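Open your viewer, load the model and keep the selection tool handy. We will walk through the chain one stop at a time.

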Amino acid sequence: MENIIYIQNYQSPCGELILGSLDGKLCLCDWINEERRTLIDRRLQKLLHARYEAGESEVLAQTVSQLDEYFAGKRTEFDIPLLFAGTDFQKAVWNALLNIPYGKTVSYAALSQDLGNRKAIRAVAAANGANSISILVPCHRVIGSNQKLVGYAGGLSAKQQLLDLESSDKLF
């Protein structure tokens, strides 16, 4: 039996996102113009035994509301139930991303060390890049060891905008 991932678009100040939910959990919040869009879509559909269908769900409505609050500077944490579709290693990296506090950044090296393998920097970077739930799973908070912005699915401009939003003191 095939599952349905309900999808809809969301226009953020940093670019357009595609949101997707399955069984009351968010499984997709990714950049429309992301160059790996096809790979991510195939992975989700394969691992979740699902197909996309335009539609609405309670979790999509909550996600839109929380993203609106985040971009308005009124939310620093999300409480949307998430559904990860990936390998055990990828899921470990994505869960580690959830521990990076709002307004903070970490390097790929530090993230690798936190995961218990300092030499896994490239694998951690690849898993970070495979994250299909941008912003809520804050892969934008990972930067190079030299403190420079490196790769981001939404583009470096979007990454900088997100980091600038989180570093502003206009919250609440």
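**First stop: a cysteine in a turn**

Select C14, in the loop between β1 (3-12) and β2 (15-22). This is a predicted model, so treat each stop as a prediction. Is C14 buried or exposed? Its relative accessibility is 15%, and the cut-off for buried is under 20%, so C14 counts as buried.

Now show what surrounds it. Apart from neighbours within four places in sequence, C14 is in contact with W31, F71, A158, Q161 and L162. Add S157 to the selection as well: 143 residues separate C14 and S157 along the chain, yet their C-alpha atoms are 7.8 Å apart.

**Zoom out for a moment**

Colour the chain by secondary structure. You should find six helices and six strands, and from the N terminus they follow the order β-β-β-α-β-α-α-β-α-α-β-α. The chain has 172 residues, of which 45% count as buried. Among contacts with a separation of 6 or more, 60% are between residues 24 or more positions apart.

**The strands on either side of β2**

Next, select β1, β2 and β3 (25-31). β1 and β2 pair in the antiparallel sense over seven bridges, and a hairpin of two residues joins them. To see one pairing close up, pick Q8 and look across to L19 in β2.

On the other pairing, β2 and β3 are also antiparallel, over six bridges. Here G20 has L28 in β3 as its bridge partner. Two residues lie between β2 and β3 in their hairpin, and D23 in that turn has a positive phi of about 50°. How many of the eight residues of β2 are buried? Seven of them are, so that strand is mostly covered.

**Into the nonpolar core**

Now show side chains for L26, C29, L67, F71, L97, L111 and I135. In the largest nonpolar core, which has 36 residues, these touch the most other members. Two or more residues come from each of β2, β3, α2 (58-71), α3, α4, α5 and α6 (156-167). Which element gives the largest share? That is α2, with five residues. Domain 1 (3-72) and domain 2 (88-166) each supply at least three residues to this core.

Centre the view on L67. Not counting residues up to four places away in sequence, L67 touches Y10, L19, C29, F78, I135 and L136. There is also a second, separate core of 12 residues, and I5, I7, I40 and Y52 are among them.

**Along helix α3**

Move to α3 (residues 88-97) and highlight Q90, V93, W94, A96 and L97, which are buried. Why do they sit on the same side of α3? They cover an arc of only 160° around the axis, which puts them on that one side. Turn on the surroundings and you will find that the cover over these buried residues includes α1 (37-47), α4 (108-114), α5 and β6.

**Last stop: C139**

Finish at C139, in the loop between α5 (121-129) and β6 (142-143). An unreviewed UniProt entry lists C139 under "active site". Is C139 buried or exposed? With a relative accessible area of 5%, C139 falls under the 20% cut-off and is therefore buried.

Notes: Residues numbered from 1 in each chain as written. Predicted model: local features only at pLDDT ≥ 70, side-chain atom pairs only at ≥ 80, totals over all residues. Heavy atoms only, no water. UniProt positions renumbered as here; feature names shortened; annotations may be inferred. Helix = DSSP H or I, 4+ residues; strand = E, 2+ residues; numbered from the N terminus. Buried < 20%, exposed > 50% of the residue type's maximum accessible area, 1.4 Å probe, protein only. Arc of directions from axis to C-beta. Contact = heavy atoms within 4.5 Å. Core = buried A, V, L, I, M, F, W, Y, C linked by side-chain atoms within 4.5 Å. Domains from an automatic or database assignment. Pairing = 2+ DSSP bridges.
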